[in-house]
Amino acid sequence: MAETVLTLDDIEELAQNALLSAGASSENAASVARSTRLAERDGVRSHGLLYVPIYAEHVRCGKVDGQATPSVAQPRPGVVRIDAGSGFAHPAIDAGFDAFMAAARTNGVAVMNVYNSYNCGVLGHHAERIAEAGLLGLCTTNAPASIAPVGGRKAVIGTNPFAIAAPGGDSGATFVIDQSASIIARSEIMLRARQGEQIDPAWALDADGRPTADPAVALTGSMAPAGGPKGFGIGLMVELLAACLSGAVLGKDASSFASPAGGPPNTGQCFIAFEPVACSGGAFNARVTALVAAISEQEGARLPGSRRRSARTRILADGVRVDDALLAQIRALNAN
């Protein structure tokens, strides 16, 4: 497979131009392009340039309103609500972020809910952004249904990830946990389908509820929940926060992030920020330091997020290797 090495600036410019060509506003294109850059920087290819043709297609067909202007409201001192207007989640999150941070610092804790939105990219990056502001960030997002309840066959919830980032450290976060309710993110199945690779049969089920190693078959079936009923329970918790509490569309009623079929998915996000000193009486940093030491001092153990941090160091030094076929596809979008 032929590849080209690009800088992160190249990545961001490619994504931004593709979205502008598709009809997105400059603000929306810039916000999504920054997210694409961060995904490639951390080696999360499934949420990087691979998604740009899908984003562009969805702007063109109206599944995402590329010209949407988010509407921010603050119904209570500790609650920020944002209507994404069937547009991208990224600019909606950007629009409410400063008010969200101010509310958390003033009240000790605050929640930011986004509704009528779309895929928000790598959820851990939003949690890390909160940590960079010195707060403990807990983020959730719901997704179109792809996980059936244990014992069932019809998908009810999406892969529904949650992410939490603790403030501190050189990068602004001591560590970041970012995991979905499924064994693996659905986008990873999409990536392997594109590359013609088989998947682990434990990752997904076919339409009849049987394990499959074929990614194309998996995409017509359902994802396997991580830890069986425990994973489904985590996904259900996220659905309560990101869909029910935010007022977004339930995953079972949302159209696919991967297909142009259906109207806007109008899913949602729920972010919670905690001010560590107010909540812990000043004990937070010492407790986190002791917790990190208990993990990192063990031979062979690693903190959550350490692989992404390692990839970040390598990619910042060496650049991003991009499949030439994907690169040609995105450049063609920019030419249109």
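Student: In this predicted model, what makes the contact between aspartate 42 and arginine 41 a salt bridge?

Tutor: The N to O distance between the two side chains is 2.9 Å. The cut-off is within 4 Å, from a side-chain nitrogen of Lys or Arg to a carboxyl oxygen of Asp or Glu, so the pair qualifies. Both aspartate 42 and arginine 41 are buried.

Student: Why can such side chains pair at all?

Tutor: Side chains of opposite charge can do so when their charged atoms come close.

Student: What makes arginine 192 and glutamate 188 a salt bridge, and how are they placed in helix H6?

Tutor: Their side chains meet at 2.8 Å, N to O; the limit is 4 Å, so this too is a salt bridge. Arginine 192 and glutamate 188 are four residues apart in helix H6 (residues 186-195), which means that about one helical turn separates them. Arginine 192 and glutamate 188 are both buried.

Student: Which residues are joined into one network by salt bridges that share partners?

Tutor: That network consists of Arg41, Asp42, Glu128 and Arg312. A search of the whole structure gives 13 salt bridges.

Student: How do you know that arginine 321 and glutamate 3 form a salt bridge?

Tutor: The N to O distance between their side chains is 2.9 Å, and the definition asks for within 4 Å, so they count. This pair links distant parts of the chain: arginine 321 lies in strand E11 (residues 320-323), glutamate 3 in strand E1 (residues 3-6), and 318 residues separate them.

Student: Why is arginine 321 called exposed?

Tutor: Its relative accessibility is 55%. Exposed means over 50%, so the label applies.

Student: Why is glutamate 3 called partly exposed?

Tutor: Glutamate 3 has 34% relative accessibility. Buried would need under 20% and exposed over 50%, so a value in between is partly exposed.

Student: What makes a set of residues a nonpolar core, and how many residues does the largest one have?

Tutor: Its members must be buried residues of the listed nonpolar types, joined through side-chain atoms within 4.5 Å. The largest such core has 33 residues, and among those with the most contacts inside it are Leu19, Phe88, Val322 and Ile330. Helices H1 (8-22), H2 (26-41) and H3 (52-61) are among the elements that each supply at least two residues. H1 gives the largest share, seven residues.

Student: Which residues does isoleucine 330 touch?

Tutor: Leaving out residues up to four places away in sequence, isoleucine 330 touches Leu14, Ala18, Leu49, Val52 and Pro53. A second, separate core has 27 residues, including Ala89, Ile93, Ile130 and Cys139.

Key:
Residues numbered from 1 in each chain as written. Predicted model: local features only at pLDDT ≥ 70, side-chain atom pairs only at ≥ 80, totals over all residues. Heavy atoms only, no water. Buried < 20%, exposed > 50% of the residue type's maximum accessible area, 1.4 Å probe, protein only. Contact = heavy atoms within 4.5 Å.
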